Amino acid sequence: MTAGHDNSAKCRRDMWSRRELLGGAASAILIGASGKPARGEGLTPLTIQFPTRSGAAWPLWIAKEGGYYAGHGLDANLVFGVHPAGIAMLVSGEAQMTNYGLEQVVAAVAREPSLVMMGSSLNKGNFALVVRPEIGKVSDLKGKRVGVGRVGDTPYFYTIDLLAKHGLTARDVQWVAVPSDSAGRGNVLLGGQVDASLITAPAYFKLEAQGLKVLDNLSNYDDVLISTAYVFKKSFVAANKDIPGKIIMAQAQAIKRFYEDKAFAISTYRIYDPQPAEDVARIYDSYIAKSTLDRVPLLTRAAVGAAADRLAGDIPAVKSFDFQKVVDMSEVRRLIADGFFEKLFGNAILAEQERKLQGSFA
């Protein structure tokens with residue numbers, strides 16, 4: 001590395017240090033006595049949609065409640081809506097950003113290439129395989145009934161991935177259509193209509209208390225890639241080039257707060273999903289143990305490829321689709337070059353940053 005390169009990198013980091021201080025000052029001004037950001041004059045209004053009340057939305061919730069959006073000049077309105085509401089809101093202009101599961105995004109962009117993925121903050125899925133009490137191990141599910149919303153939905157593909165870890169294929173079990181939400185699948189399990197189903201936290205905590213068993217969890221496998229993506233409409237990005245970067249910075253700051261402030265993370269979660277504090281604490285601890293939230297939000301080619309592989313049977317077009325046309329990591333890469341993540345998380349982030357860069361889109 002040349003001396004000129006060293007000086008240039010140092011200048012970028014010094015510039016970011018000044019910007020960070022200014023952003024922190026703005027945040028301090030806009031956060032009132034309640035601890036929540038005030039709706040201050042001069043903020044840019046925007047709507048951010050989240051499709052699930054789960055830990056996947058934690059960075060958005062903390063960015064809002066912690067004042068990080070406001071600190072970057074954004075008056076963010078967070079709106080909940082199940083799929084396909086988020087994609088529809090982006091396309092119509094009702095929302096400017098959403099944080100969606102990759103399978104849903106890949107399916108959408110294959111048909112609607114006006115969208116673009118610009119980041120990713122989740123690298124694991126907290127999906128537990130919950131079974132009837134008489135099932136002793138996953139391999140015992142051969143010939144048994146497994147509940148999914150429908151053959152071809154996201155839990156179906158994730159269940160196949162998990163079964164494969166235990167030597168089973170999709171043909172080894174009976175697929176039964178059940179309610180698509182975790183609570184509904186849990187009720188069917190309790191009623192005995194199926195023998196197993198993939199359930200998210202905290203729904204499966206309640207099922208354990210009622211005598212059902214958790215045999216495995218997708219978060220146990222680093223090679224089962226389950227990711228989300230920050231999704232925007234291309235025309236919005238073209239007209240508002242600075243806003244995606246501000247959102248990405250705010251959410252990275254929120255992830256730092258998540259890892260450092262358990263009490264705040266738990267209280268924030270309960271604003272948007274009022275679960276018992278002990279259940280949220282259990283979700284938090286599992287996220288910490290697995291480092292589930294990514295500090296450097298680069299979307300990897302492997303994650304997109306895994307999502308496309310899951311969908312290829314239903315949507316053949318994804319096999320030949322050029323995802324480089326709908327993935328843009330330039331803002332995250334710019335922040336890396338500016339030293340933003342190094343300044344935010346310290347030198348310990350450099351190894352993770354380099355690893356993510358090697359497998360990322362441009």
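## A buried threonine to start with

T159 has a relative accessibility of 1%, so this residue counts as buried. Helix α6, spanning residues 154–164, is where T159 sits. Setting aside residues up to four places away in sequence, T159 touches V146, V148, W175 and L198. Please keep in mind while looking around that this is a predicted model.

One of those partners, L198, also belongs to a separate core of 18 residues, together with F127, L141 and A196 among others.

## The protein as a whole

The secondary structure adds up to 16 helices and ten strands. The protein has 362 residues, and 53% of them count as buried. Its accessible surface is about 15400 Å², with 54% of that area belonging to carbon and sulfur atoms.

How are contacts spread along the sequence? Taking contacts between residues at least 6 apart in sequence, 79% link residues at least 24 apart.

## The largest nonpolar core

In soluble globular proteins, nonpolar side chains tend to be buried together. Here, the largest nonpolar core holds 100 residues, and W58 and Y69 have the most contacts inside it. The element that gives the most to this core is helix α10 (residues 243–260), which supplies ten residues.

Y69 makes a good place to look around. Not counting residues up to four places away in sequence, Y69 touches I48, L60, A63, K64, L74, A76, L78, I247, A250 and Q251.

## Strand β3 and M97

M97 is part of strand β3, residues 97–101. With a relative accessible area of 0%, M97 is buried. Beyond its neighbours within four places in sequence, M97 is in contact with T47, I48, Q49, L90, Y230, V231, F232, I247 and Q251. Among these, I48, I247 and Q251 are also touched by Y69.

M97 and L78 lie 19 residues apart in sequence, and their C-alpha atoms are 9.8 Å apart in space.

## Two helix crossings

Helices α2 and α10 pack with their axes 8 Å apart, at an angle of about 95°. An angle of 65 to 115 degrees counts as roughly perpendicular, and α2 and α10 are therefore roughly perpendicular to each other. On the α2 side, the contact is made by W58, P59, L60, I62 and A63, while α10 brings A250, Q251, A254, I255, R257 and F258. By class, this contact of α2 with α10 has nine nonpolar residues, one polar and one charged.

A second crossing involves helix α5 (residues 102–111) and helix α13 (residues 301–311), whose axes come within 9 Å and cross at roughly 70°. These helices, α5 and α13, are therefore roughly perpendicular to each other too. L102, E103, V106 and A107 of α5 meet A303, V304, A307, A308, R310 and L311 of α13. The contact of α5 with α13 divides into eight nonpolar residues, no polar ones and two charged ones.

## Helix α7 and what covers it

Which residues of helix α7 (residues 182–191) are buried? They are S182, G184, R185, G186, V188 and L189. The cover over these buried residues includes β5 (127–131), β6 (145–148), α6, β8 (196–200) and α8. Helix α6 is also the home of T159.

Just past α7 comes G192, with a positive phi near 85°.

## G55 and E208

Is G55 buried or exposed? Its relative accessibility is 3%, so G55 counts as buried. G55 lies in the loop between β1 (44–50) and α2 (58–65). Apart from neighbours within four places in sequence, G55 is in contact with Y269, Y287 and L293. G55 and A201 are 146 residues apart in sequence, yet 8.7 Å apart in space from C-alpha to C-alpha.

E208 is found in helix α8 (residues 203–209), one of the elements covering the buried residues of α7. At 30% relative accessibility, E208 counts as partly exposed, because that class runs between the 20% and 50% cut-offs. Leaving out neighbours within four places in sequence, E208 is in contact with V214 and R282. E208 and V130 are 78 residues apart in sequence, with 8.3 Å between their C-alpha atoms.

Technical notes: Residues numbered from 1 in each chain as written. Predicted model: local features only at pLDDT ≥ 70, side-chain atom pairs only at ≥ 80, totals over all residues. Heavy atoms only, no water. Core = buried A, V, L, I, M, F, W, Y, C linked by side-chain atoms within 4.5 Å. Buried < 20%, exposed > 50% of the residue type's maximum accessible area, 1.4 Å probe, protein only. Helix = DSSP H or I, 4+ residues; strand = E, 2+ residues; numbered from the N terminus. Contact = heavy atoms within 4.5 Å. Areas by Shrake-Rupley, 256 points an atom, 1.4 Å probe, with all protein chains shown as cover. Axes fitted to C-alpha atoms, helices over the stretch in contact; angles between N-to-C directions. Parallel < 35°, antiparallel > 145°, perpendicular 65-115°, else oblique. Nonpolar A, V, L, I, M, F, W, Y, C, P; charged D, E, K, R; others polar.
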